[in-house]
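Please open the structure in your viewer and keep the sequence panel visible. The tour below proposes a series of selections and states what each one contains.

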Amino acid sequence: TPPPSTTPPPSTTPPPSTPPPPSPSTLHGLAAAPTLTPSPLAPTATSAKWLHGKTVLVTGGAFGIGRAIVLRAARLGAALIVADLADERRGAEATVADALLAGSPMATFVGCDVSDGAQVARMVRLGMESCGGRLDVVYANAGIGSGKCWAHEMADSAFAKTVAVNLVGAFHTAKYSLPHLVATRGSLIFTASTFGLVAAHFATDYCASKAGVAHLCRQLAVD
């Protein structure tokens, strides 16, 4: 009788599979990058000139949000009225020049203090005269920042100035542009702020004025 075998029987359990190496997007605990949906406003082959033949007016258009809106509208083919304070002429004229380079068929600067209704009426009239006599989109963007102090430390004149520019200026822009927008079935847009929806420290004038802008927009939509 042969001696018992000391060799273990072959295993019937398959060896563990080796996991694939991690992709760069999952290294260091990072999740894979999400699939982004293109913005509906992103230019496409068919929409690249969807503002062609239309006139867009932007207040506070020399810098910041206003300038960005001007240049985007220029790339979409709009004629542009860039409104800002007369003291901002240099910045506004640079924005006008860049708008023309970006594809706008016509762009003009009109100096205007939106807190003055007469100046806003003049701005709308002169801008339309320069851009073919029509108005399709108005972006009421002009605004100023907060006094950055407690309410009891704020000068009456500082509160009044912020409200005059941010809220009364938005009203003036709407008042003098709406008849033309009704004629073209155009659009009126406002720059409000999250501070118009929630409170913030040291921003009594700004919060109050931007809350007014948000509600002004709702009221005009009802009309």
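**The second largest pocket**

In this predicted model, begin with the second largest pocket, to whose lining helix 1, strand 4 and strand 5 each supply at least two residues. Helix 1 gives the most, with 3 residues. Select Trp-50, Leu-51, Leu-76, Val-137 and Ile-189, which lie nearest the centre of this pocket among its 17 lining residues. The space here amounts to about 390 Å³. If the lining is coloured by class, 10 residues are nonpolar, 3 are polar and 4 are charged.

**The strands beside it**

Next, select strand 4 (residues 137-140) and strand 5 (residues 187-190). In which sense do these two strands pair? They pair in the parallel sense, over 4 bridges. Within this pairing, display Tyr-139 of the first selection and find Ile-189 of strand 5, which stands opposite. Ile-189 has already appeared in the tour, as one of the residues nearest the centre of the second largest pocket.

Now add helix 4 (residues 156-184) to the selection. Strand 4, helix 4 and strand 5 together make a right-handed β-α-β unit.

**The cavity**

Keep helix 4 displayed and turn to enclosed space. How many cavities of 30 Å³ or more does a search of the whole structure find? The search finds 1, and the volume of the largest cavity is about 50 Å³. To locate this cavity, select Ala-140, Asn-141, Ala-142, Asn-166 and Ala-170, which lie nearest its centre out of 13 lining residues. Helix 4 contributes the largest share of the lining, 5 residues. The lining consists of 7 nonpolar and 6 polar residues, with no charged ones.

**The largest pocket**

Leave Ala-142 selected and add Gly-60, Asp-84, Gly-143 and Ile-144; these five lie nearest the centre of the largest pocket. The pocket has a volume of about 480 Å³ and a lining of 23 residues.

Which elements should be shown around it? Helix 1 (64-75), strand 2 (79-84), helix 4 and helix 5 (204-222) each supply at least two lining residues. Helix 1 gives the most to this lining, with 3 residues. A final colouring by class shows 11 nonpolar, 7 polar and 5 charged residues in the lining of the largest pocket.

To end the tour, display helix 1 alone: this helix gives the most to the lining of the largest pocket and also to that of the second largest pocket.

Definitions and conventions
Residues are numbered from 1 along each chain as its sequence is written. This is a predicted model: local features need pLDDT of at least 70, side-chain atom pairs count only at pLDDT 80 or more; totals for chains, interfaces and linings use all residues. Side-chain values use heavy atoms; hydrogens and water are left out. Two strands pair if DSSP finds at least two bridges between them. A crossover is right-handed if, with the strands pointing away from the viewer, the path from the first strand over the helix to the second runs clockwise. On a 1 Å grid over the protein atoms alone, a cavity is a set of points where a 1.4 Å probe fits but cannot get out, and a pocket is an open set with protein on both sides within 12 Å along at least five of seven lines; lining residues have an atom within 4 Å of a point. Grid points are joined across faces, edges and corners, and a volume is the space filled by probe spheres set on the points. Ala, Val, Leu, Ile, Met, Phe, Trp, Tyr, Cys and Pro count as nonpolar, Asp, Glu, Lys and Arg as charged, and the others, Gly among them, as polar.
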